[in-house]
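Here is a short set of exercises to work through with the sequence and the model open beside you. Try each task before you read its solution.

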Amino acid sequence: MAKFVLAGRTDCPHYARAELLADRLQRSLPDFRIQKISILPHEWQEWLESTCNRNGWKHEESPMVWRELVDQGGKGMLLGGFSDFLEHCQDYYSVTSDMPADFMLNVAAENLETMMNLVVEEQLRVSLIKPLHIWISSALNPTSHFLIPNLLSAEVFPHVSAISLHLLDLEGNEEGLQWLRIETEDMALRQLHQVTIHTDLEQAFQEADVILLLDEWRSDDSDEEERKRKVKGISDRYREYGQLMDTRANKEVKVIVSGDSFVNLKCSLLLDNACSIGSHQFVTMATQLENEAKAILAKELRVRTSEITNVIVWGNISGSFYIDLQCATVFNYDGAIKGPAFFSQKAQNILHDRKWLETDFQELVRCQRAAVVSKSLRAAAMTAANGILAVLKAWNGICSPDEVFSMGVLCPGDYNLPDGIVLSLPVTFTDGKWSALLDLTVGDELRERLQLYASELRQEKELG
């Protein structure tokens with residue numbers, strides 16, 4: 001089997017002549033195959049240089065012909081230009097081309113016109129599609145591998161027919177992003193419209209409908225100077241992120257900040273610098289902490305983690321926080337009082353050891369994620385992705401209005417907290433919009449904790 005590839009400028013007469021000669025050979029010879037690559041004139045030089053660099057070839061004109069050595073497991077072998085292809089056909093197949101010059105020019109003109117019509121048709125087709133634009137920063141974070149397959153599903157975005165996924169990683173690992181793009185496309189998911197990759201902020205957050213920020217800085221926080229440098233780096237980047245979102249993203253964009261360090265600070269910096277976007281569009285999720293708390297309680301009560309609901313996280317998600325069980329309910333608890341599957345009991349009525357709840361339990365939640373990381377030698381990516389998806393589903397209206405979530409949001413002025421602080425609070429979602437849960441008991445002790453958390457967050461902001 002002889003397989004050749006013929007590439008050339010669409011308006012090139014020699015490419016037109018070689019194309020017709022190749023078609024003639026393919027019709028008459030059962031073992032001859034030709035693949036044609038027609039490149040627009042303004043794109044030809046860049047394409048030629050890229051192809052030659054990739055294969056280690058030297059070629060300067062249109063067309064370019066090479067043979068694919070698929071049967072030998074090797075890379076393509078460059079044959080040359082039109083003259084080389086014509087000589088090869090004469091020597092091996094005793095076939096030549098006697099096409100008149102004026103006919104060559106007419107075919108080249110027709111090729112260009114056909115290609116331009118195809119380009120216009122494709123642009124029109126694309127313009128009729130209104131995809132949802134999702135941007136993921138630090139897209140090579142392990143969380144992305146759990147996140148992407150679920151993002152591109154009707155379960156998360158039930159009313160969206162097409163999704164454009166934009167993968168951003170400022171570490172400059174373009175090869176890693178290319179492989180992630182290929183892997184994403186290889187899933188052949190119905191809602192995926194396109195995948196783009198970015199290693200700089202030149203186009204970041206353009207037309208964004210959803211932005212998921214996974215940026216993480218690894219450093220030794222026990223070293224004060226190292227911690228200051230870390231906060232400075234975070235502050236500089238997230239101020240720039242906020243400014244770009246302000247000018248490029250849609251005004252109804254949904255922004256979720258995830259990570260293990262300074263997430264409240266990151267969200268606060270975005271709010272300060274994206275002034276034209278409503279504060280309700282920015283959240284940082286405490287869902288991961290909620291679920292870790294549920295897992296510990298489930299083990300204590302001998303129920304499944306999913307049978308515990310409405311756990312509340314107050315405070316600084318990646319700093320000092322408090323797990324509050326005043327709304328928490330437990331299903332299928334094997335105790336003195338039992339009922340059908342829908343029957344639930346207040347967690348505080350079952351857990352009588354108040355000292356454990358206020359001390360050991362709080363400490364176990366703080367240590368849970370670190371324990372997972374140390375044992376698995378990787379970030380807790382699966383739980384992070386699960387938390388992001390839970391918030392997105394609720395934000396898209398896929399949750400009960402009675403379900404309680406904990407999210408870092410701009411304080412609405414309740415609980416006597418200062419303005420301008422992003423603090424984890426209990427919220428509920430109704431029709432895709434969140435609101436702070438107000439009918440809660442906030443005693444003096446909790447109120448004092450909240451003031452301390454607010455002070456801690458102000459210090460982080462000043463450090464930045």
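Are W135 and F205 buried or exposed? W135 is buried, and F205 is buried too, where buried stands for under 20% relative accessible area, exposed for over 50% and partly exposed for what lies in between (1.4 Å probe, protein chains only).

Before the exercises, two notes on the source. This is a predicted model, in which local features need pLDDT of at least 70 and side-chain atom pairs count only at pLDDT 80 or more, while totals for chains, interfaces and linings use all residues. Residues are numbered from 1 along each chain as its sequence is written, and side-chain values use heavy atoms, with hydrogens and water left out.

**Exercise 1. Rings around F205**

Task: classify the aromatic pairs that F205 makes with W135 and with Y241.

Solution:

- Start with the rule: rings of Phe, Tyr and Trp (its six-membered ring) pair if their centres lie within 6.5 Å, and planes under 30 degrees apart count as stacked, over 60 as edge-to-face and the rest as tilted. The structure holds 12 aromatic pairs.
- Take W135 and F205: the distance is 6.0 Å centre to centre with 65 degrees between the planes, an edge-to-face pair.
- Place them in the chain, using DSSP runs numbered from the N terminus (helices: H or I, at least four residues; strands: E, at least two). W135 sits in strand β5 (residues 132–137) and F205 in the loop between β7 (192–198) and β8 (210–213), so to speak a link between distant parts of the chain, 70 residues apart.- Turn to F205 and Y241: their ring centres are 5.3 Å apart and their planes stand at 90 degrees, so this pair is edge-to-face. Y241 belongs to helix α7 (residues 224–248), so the pair ties together parts that are 36 residues apart in sequence.
- Check the accessibility: F205 has a relative accessible area of 1% and is buried, and Y241, at 0%, counts as buried.

**Exercise 2. Three salt bridges**

Task: find the N to O distance in the salt bridges R9 with D11, R239 with D236 and K338 with D334, then assign the accessibility of each residue.

Solution:

- Apply the rule: a salt bridge is a side-chain nitrogen of Lys or Arg within 4 Å of a carboxyl oxygen of Asp or Glu. The count comes to 14 salt bridges.
- For R9 and D11, the N to O distance is 2.9 Å. R9 is partly exposed at 25% relative accessible area, and D11 is partly exposed at 29%.
- For R239 and D236, the N to O distance is 3.9 Å. Both lie in helix α7, three residues apart, about one turn of the helix. R239 is partly exposed at 29%, as is D236 at 38%.
- For K338 and D334, the N to O distance is 2.7 Å. K338 is exposed, with a relative accessible area of 58%, and D334 counts as exposed at 59%.
- Finish with a network: E19, D23 and K36 are joined into one by salt bridges that share partners.

**Exercise 3. Length and cover of α9**

Task: compare the expected span of helix α9 (residues 287–301) with its end-to-end C-alpha distance, and say how many of its residues are buried.

Solution:

- The expected span of a helix is 1.5 Å times one less than its number of residues.
- With 15 residues, α9 should span 21 Å, and its end C-alpha atoms are 21 Å apart, which agrees.
- As for cover, 11 of the 15 residues are buried, and α9 is mostly covered. Among them are L289, I296, L297 and L301, along with E290, E292 and K294.
- Just after α9, R302 takes a positive phi of about 60 degrees.

**Exercise 4. Strands and their partners**

Task: work out the pairing in the open sheet of three strands, then follow the chain from β6 to β7.

Solution:

- Two strands pair if DSSP finds at least two bridges between them.
- The open sheet has the order β11-β14-β15, with antiparallel pairing. β11 (308–309) and β15 (344–346) stand at the edges with a single partner strand each, so one side of each has no neighbour in the sheet.
- Strand β14 (residues 329–331) is joined to β15 by three bridges, and F331 has S344 in β15 as its bridge partner.
- Elsewhere, β6 (residues 163–168) and β7 run parallel and are joined by six bridges. L165 has V195 in β7 as its bridge partner.
- From β6 the chain crosses through helix α6 (residues 174–186) to β7, a right-handed β-α-β crossover. Right-handed means that, with the strands pointing away from the viewer, the path from the first strand over the helix to the second runs clockwise.

**Exercise 5. A cluster and a charge**

Task: which residues form one aromatic cluster with F4, and which residue lies over the face of F321?

Solution:

- F4 forms one aromatic cluster with F32, F85, Y92 and Y93.
- R366 lies over the face of F321, at 5.0 Å from the ring centre. The rule here asks that NZ of Lys or CZ of Arg be within 6 Å of the ring centre and within 35 degrees of the ring normal.
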